[in-house]
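User: Hi! I'm new to reading protein structures, and I'd like to go through one with you. Can we start with whatever catches your eye?

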Amino acid sequence: MAYFSSPRPQSSSSAIKIVNPAEHDDKAKLQAKRDSPQRQCRNILIYGSCRYQDKGCIYYHPPVEGSNNPPRPDSPLPASLSAQAVNAPVFVPKAPFHAIATPSPTSASPFTPSPSPSTFYPNHAEYDDYGDSVSNEIPQTLEHQLVNQYQQVDYDDHASPMGNFYQSQQTTFVRQPLDYHLYSHPTPDAFPSTHFVSDAIREELHNRSETSQLVPLPGHNLPDELQGYHSLALLEPSVTERRKFFSWYSTVYRATSSNDGVLYALRRIENFRLMHQAAFGAIETWSRVEHPSIVRVREAFTTRAFNDNSLVVAYEYYPNAQTLFEMHIKQKPPVFQHGRLSTFSAALPEATLWSYMTQIASAIKVVHEAGLAVRMVDATKIMVTGKNRIRIGSCGIADVLMYDPRQDTAIAQQEDLAMFGRLVFALCCNNLAAMNTLPKALDVMGRQYSADVKALALYLISKPGPHKNITQVIDMIGTNRLLHELDDMHSSVNRLEAELMSELENGRLVRLLCKFGFINERPVFAREPRWSETGDRYIIKLFRDYVFHQVDENGNPVINLSHVLACLNKLDAGTDERVMLVSRDEQSCLVVSYKDVKACIDAAFGDLARASR
């Protein structure tokens, strides 16, 4: 602590100062070395050369290799020089000092690492801060620092000496996607898979949530309210060629229900006039059909909110869903490969095809047993809502549009099987019109898929008969494939349950953190301004600092999520493990167990809960 003490004036004391003789000798040698004229010039050590070597510099200058000049003899010490002049480290000429010119960014040469201090300035013989003329070039050491600090900045600007260090302000604002990785990276090493949902599932769910909350674009002239639905948004992209739904044009919207606040998909049939009110009876029947491979029907109504007679049917909404046509049949944009643009369409794997056919057959069976017909087994109406998960959409609309009380349902069910067969050919050939050239479609199917797929497709498009039904189709699919599909579904359920269990543990910790928030730093309670700083609440405050406000030996904050999770889990369990809690001023130290801290939290939260009633 001697370097903190201030020098005191010498007093006439009789005490004798004890001096180390070796130290005295070292000081004498240092003084003699400092006064020696053989001391090497500092310009040589710093800059590699001295520009005042032949102009009266009194210090030693070693000979330069490759120079024809003989070594300069030692200069005797002039008698007119004082001791202060001898001790001067650098010779300073009596010349006026000129201001340093502003360096130009464009005159700097590229940086090259130098092997020795004598080559720092290859374009300048030597550098002296007190010279008559100052170079306008940037020292390369400074340039090297700037390059390291601004690696991604293009420093080339003739208009301003600051260059492009400060980028121009952007006038347009583009909405950025959600940073899904912020919720799961970096994951604690101690809890890699038990406290967090996997990145793939988290990103997919956040993607769906973002799509559900997108603000509708203006300019579509949509009504503000539609039979108990609001916040309408167009789901289908605006295309020049609109597809017809039977003989009518249709549009799909996303809307929020005013009754339950849930998002629904509304399919609107334009310019449709309802002739029979009994046609809505099929919608009521469809609303009672529940199947995992069918998009459930909610309700149907007519409206003039779009300035015409429109039929609107509400369905369950699945964000980011794609149709089978968009995912497997629609031609993808060309990709630049091997020096040229090429279109590539991969064939649908047979395992995925069997999974699709199993789900469709199961949905058709449920619908036929309910006395209805699907009438929508089409690639443009079947949606893919997940990995190999499909759902038949737009059900019930055909029953309203083509309402006929005398129509035989058995004929419509036979048509469902024929549409099923055409869908299989379209998926196998990547073409909706594959049935138009049946021999070619059979050849493609025979080369890429097994004989069972071909036999099932031919059975579906065969002539209708009394023995042709969906039960026979399921028998042709086979028990082994049905069991395989069942096993995959059970594995998927087990995986999702495991992911849910990891988030279930996080829910306990959130409730515990909420109790911390209610108790800590509460300003006034029961007319006590320092309620949160006294009694058991003081222990809770110290424990909060122990969990969240730790620092290392240098005073830097410690951000350790594993430590936080471990402490909160021990606190929630109320273990007997003891911890040492230290106050911020390091004047108080308490040794308590997690069980004691939990009891303090329960008591304090109980006081707050009773006062809030």
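User: What comes after α14, and what is the sign of its phi?
Analyst: E521 follows α14, and its phi is positive, near 60°. Helices here are DSSP runs of H or I with at least four residues, strands are runs of E with at least two, and both are numbered from the N terminus.

User: Before we go on, where does this model come from?
Analyst: It is a predicted model, where local features need pLDDT of at least 70, side-chain atom pairs count only at pLDDT 80 or more, and totals for chains, interfaces and linings use all residues. Residues are numbered from 1 along each chain as its sequence is written, and side-chain values use heavy atoms, leaving out hydrogens and water.

User: Cool. How many residues does α14 have, and how far does it reach?
Analyst: α14 has 41 residues and reaches 61 Å from its first C-alpha to its last, close to the 60 Å expected at 1.5 Å a residue. The expected span is 1.5 Å times one less than the number of residues.

User: Which residues of α14 are buried?
Analyst: They are E485, E499, S502, N506, L509, L512, F516 and I519. Buried means under 20% relative accessible area, exposed means over 50%, and partly exposed is in between (1.4 Å probe, protein chains only).

User: And what covers them?
Analyst: The cover includes α5, α8, α15, α16 and α17. Contact here means heavy atoms within 4.5 Å.

User: You mentioned α15. How do α14 and α15 cross?
Analyst: Their axes come within 11 Å and cross at roughly 125°. That makes α14 oblique to α15. Axes are lines fitted to C-alpha atoms, for helices over the stretch in contact, with angles from 0 to 180 degrees between N-to-C directions. Under 35 degrees counts as roughly parallel, over 145 as roughly antiparallel, 65 to 115 as roughly perpendicular, and the rest as oblique.

User: Which residues meet there?
Analyst: On the α14 side, L513, F516 and I519 meet R537, I540, F543, R544 and F548 of α15.

User: New topic: α10. Is it mostly enclosed or open?

Analyst: Largely enclosed by the rest of the structure, because 15 of the 21 residues of α10 are buried. Its end C-alpha atoms are 31 Å apart, which agrees with the 30 Å its 21 residues should span.

User: What caps the N-terminal end of α10?
Analyst: D408 does, with a side-chain oxygen 3.2 Å from the backbone nitrogen of A410. Just after α10, N430 takes a positive phi of about 55°.

User: Let's try a loop. Is S394 buried or exposed?
Analyst: S394 counts as buried, at 7% relative accessibility. It is found in the loop between β12 and α9.

User: Which side chain does the side chain of S394 make a polar contact with?
Analyst: With that of R267, at 3.0 Å. A polar contact is a pair of N or O atoms within 3.5 Å; within protein, one must be able to donate a hydrogen and the other to accept it, and residues adjacent in sequence count only if both atoms are side-chain atoms.

User: Last one: where is E586, and how exposed is it?
Analyst: E586 is in the loop between β13 and β14, and it is exposed, with a relative accessible area of 66%. E586 also has a positive phi of about 60° although it is not a glycine.
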